[in-house]
Structure formats: structure tokens, C-alpha cells
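Reader: I'd like a close look at a single part of this structure, with enough of the surroundings to see how that part sits in the whole. Pick one and walk me through it, please.

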Amino acid sequence: QVQLQESGPGLVKPSQTLSLTCTVSGGSFLSNYYYWSWIRQAPGKGLEWIGAIALSGDTFYSPSLKSRAAISRDMSKNQFILQLTSVTPEDTAVYYCARNQNWIFYDYWGQGTQVTVSS
């Protein structure tokens, strides 16, 4: 059974960089079919896709966040990492990591972690 777990600070100050880690257990990155993704949901809003990283290391981003988001991975630790720079209160959201198969569907999700941007 694959499990994903997000970790990182729950409070970030405006203009700082948000950094979250997703640890994958019960599986690995070693498949060309998987896109390891970050998704968020702000209060009262729907899910927003942030981006993803593939086995090859190729990364994909939402156009609206591309200038501020960076996704990387540490295959030795089965982790992938989200960094979001220059955060504002509008980046306050529950952040999820998830596994996408072939850009078709998400089969595993983390439980989500609340991140609040506030001074």
C-alpha cells in the first residue's frame, strides 16, 4: 500500500519561501507512469494543481504559479519537495501531495497539511 505524507512548517511569513516535503512509503518513484504532484485548496475554493515531477526529473507547473514554484526530488529518501517563493496570504491553503498515473487520474493522496501565510 502506497502512502504519502506531507511535512513542513504550518506558518510562513509573507515574502518568504514555503517549503514542503512529501515522503512516499510502500512504493517508489521508479515508474515512467507516475507524476508526483502538488495540489492545494485555499479556504472556500476548489483544488488547484501546482505542478508535478516525473521519473525523468522533468517538471511541469501551473502557468499561474510557474514563476514561483519549484519541485525537486530526493530519490534516496523517496521524497519530493515543493518550494514556493515570495508567498502572500493568498497562498494560505491545505497543500496535498499525490501520485498521478499517466496524467489520467490520481490514485494516492497525502492527508494534506495546512499552511498559513501571515506575519
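**A close look at strand β8**

Author: Let's begin with charge: the chain carries 8 positive and 7 negative side chains, and the centres of these two sets lie 3 Å apart. Keep in mind that this is a predicted model.

Now for the setting. The chain has 11 strands and 0 helices, so reading from the N terminus on you meet β-β-β-β-β-β-β-β-β-β-β. Its radius of gyration is 13 Å, close to the 14 Å that the globule rule gives for 119 residues, so the chain is as compact as a globular protein of that length. Along the principal axes, the C-alpha atoms fill a box of roughly 40 × 25 × 25 Å. Of the 119 residues, 43% are buried. Looking at contacts with a separation of 6 or more, 53% come from residues 24 or more positions apart. The chain's accessible surface is about 6,200 Å², with 50% of that belonging to carbon and sulfur atoms.

The part I'd zoom in on is strand β8, residues 79-84. Here 5 of the 6 residues are buried, so β8 is largely enclosed by the rest of the structure. Which strands pair with β8? One of them is β3 (residues 18-25), which runs antiparallel to β8 and is joined to it by 6 bridges. Another is β7 (residues 69-74), also antiparallel to β8 and likewise joined by 6 bridges.

Take the β3 side to begin with. Here L20 stands opposite L82 of β8. T21 belongs to β3 too, and with a relative accessibility of 19% it counts as buried, the cut-off being under 20%. Setting aside neighbours within four places in sequence, T21 is in contact with Q79, F80 and I81, and also with Q5, E6, S7 and W38. If you trace the chain back from β3, you come to the loop between β2 (11-12) and β3, where S15 is found. S15 is not a glycine, yet it has a positive phi of about 80°. At 59% relative accessibility, S15 counts as exposed.

Over on the β7 side, D74 has Q79 of β8 as its bridge partner. The hairpin of β7 and β8 has 4 residues between the strands, and N78 in that hairpin takes a positive phi near 55°. Further along, I71 lies in β7. At 6% relative accessibility, I71 counts as buried. Leaving out residues up to four places away in sequence, I71 touches I81 and L82, along with W38, G51, A52, I53, T59 and Y61. For a sense of distance, I71 and R40 sit 31 residues apart in sequence, with their C-alpha atoms 14 Å apart in space.

Put the two sides together and some names come back. W38 turns up among the contacts of T21 and among those of I71. I81 does likewise, being touched by T21 and by I71. L82 stands opposite L20 and is also touched by I71.

One last stop, if you like odd backbone angles: W103. Its place is in the loop between β9 (93-101) and β10 (105-109). W103 has a positive phi of about 60° although it is not a glycine. With 40% relative accessibility, W103 counts as partly exposed.

Definitions and conventions. Residues are numbered from 1 along each chain as its sequence is written. This is a predicted model: local features need pLDDT of at least 70, side-chain atom pairs count only at pLDDT 80 or more; totals for chains, interfaces and linings use all residues. Side-chain values use heavy atoms; hydrogens and water are left out. Helices (H or I, at least four residues) and strands (E, at least two) are DSSP runs, numbered from the N terminus. The radius of gyration is taken over C-alpha atoms; the globule rule is 2.2 Å times the number of residues to the power 0.38. Buried means under 20% relative accessible area, exposed over 50%, partly exposed in between (1.4 Å probe, protein chains only). Contact means heavy atoms within 4.5 Å. Accessible areas come from the Shrake-Rupley method with a 1.4 Å probe; for residues, only the protein chains shown count as cover. Lys and Arg count as positive and Asp and Glu as negative; His and the chain ends are not counted. The place of a charge is taken as NZ of Lys, CZ of Arg, CG of Asp or CD of Glu. Two strands pair if DSSP finds at least two bridges between them.
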